[in-house]
Amino acid sequence: MKVSHVIYKVGNLKKAVEDFRGQGYQVEYGALKRPHNAIIYFSEGPYLELMARTGMPAFMKRLLRAFGKNRFADRLDFWDDCASGPCAVALENYEKDLNRERAILDCAGQRFLPRPAPNLHLHLHAHNESGAARRDPAF
């Protein structure tokens, strides 16, 4: 298991991109028109995703829930509503399943949402014991 990327919530994407570029980082917007995120790649290791919002309209979230995709819609809501700062860590492996990672995260009391892909991902959300989103950056 390794960290794929860290999702960092920002209040103003344009300002965050300018701030990081001002510190010498190369930052790429996720889309040319109306971007909702930007990526900072490093020479090796995980990348940092700056996210202002998911870009998913409320109507589509309702539609996702209607088709039984509640956990995915909840994740989108969490990312749209959480405070600025780190809000998720994406972990990945190259195994056939995520059973080992599930056991580790369950033991640590962390919520996660698997995303099937050629390299399997887990998105780990920063929550405290009561289930509320953590707001401290040291998760």
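1. In this predicted model, Ala52 counts as buried because its relative accessibility is 15%, under the 20% limit that the term requires. Ala52 has its place in the loop between strand 4 and helix 2. Once residues up to four places away in sequence are set aside, Ala52 touches Lys9, Val10, Leu13 and His36. Ala52 and Asp80 are 28 residues apart in sequence, while their C-alpha atoms are 7.6 Å apart in space.

2. Asp80 also appears in the surroundings of Lys61, since a polar contact of 2.5 Å joins the side chains of Lys61 and Asp80. Lys61 is found in helix 2, which covers residues 58-66, and with a relative accessibility of 9% Lys61 counts as buried. If residues up to four places away in sequence are not counted, Lys61 touches Thr54, Met56, Ala73, Leu76, Asp77 and Asp80. A student looking at the structure may wish to find Lys61 and Asp80 together, with the 2.5 Å polar contact that joins their side chains.

3. For the chain as a whole, the count is 4 helices and 7 strands, and when the sequence is read along its length these follow the pattern β-α-β-β-β-α-α-β-α-β-β. The chain has 139 residues, of which buried residues make up 37%. Its accessible surface comes to about 8,800 Å², and 54% of that surface belongs to carbon and sulfur atoms. Among the contacts between residues at least 6 apart in sequence, 53% join residues that are at least 24 apart.

4. Strand 1 has two pairings to follow. Strand 1 (residues 2-9) and strand 5 (residues 85-93) run antiparallel and are joined by 7 bridges, and within this pairing the bridge partner of Tyr8 in strand 5 is Pro86. Strand 1 also pairs with strand 4 (residues 47-51), here in the parallel sense and over 5 bridges, with Tyr47 of strand 4 as the bridge partner of His5.

5. Which residues make up the largest nonpolar core? There are 11 residues in all, namely Val10, Leu13, Ala16, Val17, Phe20, Val27, Ala38, Ile40, Leu48, Leu50 and Ala52, so that Ala52 from the opening point returns here as a member of this core. Helix 1 (13-22), strand 3 and strand 4 each supply at least two residues of the core, and the largest share, 4 residues, comes from helix 1. A second, separate core holds 10 residues, including Met51, Leu64, Leu76 and Ala88.

6. Ile40, one of the residues of the largest nonpolar core, shows how parts of the chain come into contact. Leaving aside its neighbours within four places in sequence, Ile40 is in contact with Phe20, Tyr25, Gln26, Val27, Tyr47, Leu48 and Leu50. Among these partners of Ile40 are Tyr25 and Tyr47, whose rings come up again in the next two points.

7. The structure holds 3 aromatic pairs. In one of them, Tyr25 and Phe42 are arranged edge-to-face, with 6.2 Å from centre to centre and 90 degrees between the planes. This pair links distant parts of the chain, for Tyr25 is in the loop between helix 1 and strand 2, Phe42 is in the loop between strand 3 and strand 4, and the two are 17 residues apart. Tyr25 counts as partly exposed at 35% relative accessibility, and Phe42 counts as partly exposed at 39%. Ring pairs link Phe20, Tyr25 and Phe42 into a cluster.

8. Why is the pair of Tyr41 and Tyr47 described as tilted? Their ring centres are 5.3 Å apart and their planes stand at 50 degrees; because planes under 30 degrees apart count as stacked and those over 60 as edge-to-face, an angle of 50 degrees falls into the remaining class, tilted. Tyr41 has a relative accessibility of 48% and counts as partly exposed, and Tyr47, at 24%, counts as partly exposed too.

9. A last residue to check by eye is Arg34, which has a positive phi of about 45 degrees although it is not a glycine. Arg34 lies in the loop between strand 2 (27-29) and strand 3 (37-40). Is Arg34 buried or exposed? Arg34 counts as exposed, because its relative accessibility is 75% and the term applies to values over 50%.

Notes: Residues are numbered from 1 along each chain as its sequence is written. This is a predicted model: local features need pLDDT of at least 70, side-chain atom pairs count only at pLDDT 80 or more; totals for chains, interfaces and linings use all residues. Side-chain values use heavy atoms; hydrogens and water are left out. Buried means under 20% relative accessible area, exposed over 50%, partly exposed in between (1.4 Å probe, protein chains only). A polar contact is a pair of N or O atoms within 3.5 Å; within protein, one must be able to donate a hydrogen and the other to accept it, and residues adjacent in sequence count only if both atoms are side-chain atoms. Contact means heavy atoms within 4.5 Å. Two strands pair if DSSP finds at least two bridges between them. A nonpolar core is a set of buried Ala, Val, Leu, Ile, Met, Phe, Trp, Tyr and Cys residues joined through side-chain atoms within 4.5 Å. Rings of Phe, Tyr and Trp (its six-membered ring) pair if their centres lie within 6.5 Å; planes under 30 degrees apart count as stacked, over 60 as edge-to-face and the rest as tilted. Accessible areas come from the Shrake-Rupley method with a 1.4 Å probe; for residues, only the protein chains shown count as cover.
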